[in-house]
Amino acid sequence: MILKSLSILNYKNIADAELQFSDKVNCFIGQNGEGKTNLLDAIYFLSCCKSSGNPIDSQCIRHGEEFFVLQGHYQKEDAEELDIFCGMKKGVKKSFKRDKKEYKRLSDHIGLIPIVLISPADQELILGGSEERRRFMDMVISQYDRVYLNALLRYQKALQQRNAILKMEGDIDLDMLSLWENVMAENGELIYQCRKAFIQDFTPIFQDFYQQISQDKENVTLTYTSHGDRGPLLATIQNGREKDRVMGFSLHGVHKDDLVMQIGDYSIKREGSQGQNKTYLIALKMAQFDFLKRTGNKTTPLLLLDDIFDKLDSSRVEQIVRLVASDNFGQIFITDTNRDHLDSILQKIGEEHSLFSVENGFITKRI
């Protein structure tokens with residue numbers, strides 16, 4: 001997939017931008033806080049129907065304005081043209097359109113334009129709670145498996161309903177509780193099996209990328225843990241009713257799944273250096289790219305690299321540049337604060353490219 005052009009109006013600190021992109025490498029230079037990350041986030045929004053860092057859509061509207069508009073013109077591998085529109089007005093549900101036709105469900109758009117974002121915020125995968133690691137699995141699998149995405153939406157709805165019943169004062173409707181537990185169990189079993197199969201296939205790809213970037217300096221593992229490992233999910237959920245009633249929410253189910261991330265025999269969170277942690281995260285995301293390219297509609301994802309080279313030694317930076325310069329990767333968007341750094345990267349990649357300056361939300365193409 002290639003993003004040929006992008007139009008932005010009132011998105012975060014970007015008031016107005018009309019951009020034409022290179023099919024291979026696009027670099028954005030500017031100091032921190034000028035809008036580089038917001039530009040990449042606009043691209044991400046058009047793929048995933050949401051911001052990468054803010055779940056509240058209205059907060060993406062530029063200060064003092066009432067709406068934002070994003071429009072992207074894409075070219076698929078078979079040369080078919082594709083136009084995606086997103087509009088959001090305060091107090092009104094956002095609108096998403098493909099070739100001027102509005103989606104009935106936003107979930108129908110997920111996976112059409114596969115995308116991988118590597119950014120400093122990825123550190124939450126290691127440092128944050130289990131919800132961050134579940135979100136990572138869900139984002140990857142949902143981009144190539146529509147059945148999984150629909151099961152996830154049904155599970156989340158059932159979980160919300162069960163929690164609402166658990167919070168009720170006095171006697172509760174056991175029949176209604178059982179109904180939502182069955183919905184949770186049925187969809188949870190599918191989610192569990194999909195996540196388990198995904199991690200089994202994904203881990204060797206991730207380990208290979210880590211070895212390439214680190215040049216075989218460390219061994220890493222990724223292990224999936226779930227209440228589904230205990231046996232039938234329905235029994236696990238129902239056995240926890242009494243405690244769940246006391247707590248007022250559901251303590252068991254696939255919404256408690258996690259990924260155990262290790263370097264050697266130790267937790268990467270406890271033992272990893274800054275460079276090792278960053279290598280771990282970049283390897284995860286590059287494996288995500290490779291996995292998405294092999295699955296789903298066999299479309300090469302867009303790759304967004306947001307200020308990723310900080311805290312990495314020169315040998316690891318060189319290995320990453322070598323990887324993204326290979327034929328395995330398609331269109332790439334890179335941000336950095338250092339022009340000399342970007343020039344060095346572009347020289348090593350040796351591909352067609354476009355270079356832009358970003359200052360106070362204004363984006364200018366440079367020669």
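Phe136, Tyr144, Phe198, Phe202 and Phe291 are joined through ring pairs into a cluster, and I would like to start there, keeping in mind throughout that what we are looking at is a predicted model. In the whole structure there are 17 aromatic pairs. Let me take one that belongs to this cluster, and then one between Phe45 and Phe96.

Within the cluster, the ring centres of Tyr144 and Phe291 lie 5.5 Å apart with their planes at 55°, so this pair is classed as tilted. Tyr144 sits in the loop between helix H3 (130-142) and helix H4 (146-166), whereas Phe291 belongs to helix H9 (residues 274-294), so the contact ties together parts that are 147 residues apart in sequence. The two partners can also be described by their accessibility: Tyr144 is partly exposed, at a relative accessible area of 23%, while Phe291 is buried, at 7%.

The pair of Phe45 and Phe96, by contrast, is stacked, with 6.4 Å from centre to centre and 10° between the planes. Here Phe45 comes from helix H1 and Phe96 from strand E6, 51 residues apart, so that distant parts of the chain are linked. Phe45 is buried at 0% relative accessibility, and Phe96 is buried at 1%.

That brings us to the sheet. Its 6 strands run in the order E2-E1-E4-E5-E6-E7, as an open sheet with antiparallel pairing. At the edges stand E2 and strand E7 (101-102), each with a single partner strand, so one side of each is left without a neighbour in the sheet. Further in, E1 and E4 are paired in the antiparallel sense over 7 bridges, and Ser7 is found opposite Gln71 in E4. Helix H1 packs on this sheet, where it touches E1, E2, E4, E5 and E6, and its direction makes about 110° with that of E1.

What about the charged side chains? The model holds 16 salt bridges, and I will pick out a few of them. Lys4 and Asp23 meet at 2.9 Å, N to O; Lys4 lies in strand E1 (residues 2-11) and Asp23 in the loop between strand E2 (14-20) and strand E3 (25-29), so parts 19 residues apart in sequence are tied together. Lys4 is partly exposed at 25% relative accessibility, and Asp23 is partly exposed at 31%.

Asp41 and Lys12 form another salt bridge, again given as 2.9 Å, N to O. Asp41 is in helix H1 (residues 36-48) and Lys12 in the loop between E1 and E2, so this pair ties together parts that are 29 residues apart in sequence. Asp41 is buried, with a relative accessible area of 3%, but Lys12 is partly exposed, at 21%.

For Asp57 and Lys94, the closest N and O atoms are 2.9 Å apart. Are these two residues buried or exposed? Both Asp57 and Lys94 are buried. Elsewhere, Arg162, Glu181, Arg241 and Asp244 are linked in a network of salt bridges.

Finally, the nonpolar cores. The largest has 70 residues, and among these Tyr280, Leu284 and Met286 touch the most other members. Helix H5 (residues 174-214) makes the greatest contribution to that core, with 14 residues. Leaving aside residues up to four places away in sequence, the contacts of Tyr280 include Ile126, Phe206, Tyr210, Val220 and Met261. There is also a second, separate core of 43 residues, which includes Leu3, Leu19, Cys60 and Ile61.

How values were computed
Residues numbered from 1 in each chain as written. Predicted model: local features only at pLDDT ≥ 70, side-chain atom pairs only at ≥ 80, totals over all residues. Heavy atoms only, no water. Salt bridge = Lys/Arg side-chain N within 4 Å of Asp/Glu carboxyl O. Helix = DSSP H or I, 4+ residues; strand = E, 2+ residues; numbered from the N terminus. Buried < 20%, exposed > 50% of the residue type's maximum accessible area, 1.4 Å probe, protein only. Core = buried A, V, L, I, M, F, W, Y, C linked by side-chain atoms within 4.5 Å. Contact = heavy atoms within 4.5 Å. Pairing = 2+ DSSP bridges. Axes fitted to C-alpha atoms, helices over the stretch in contact; angles between N-to-C directions. Phe/Tyr/Trp six-rings, centres within 6.5 Å; stacked < 30°, edge-to-face > 60°.
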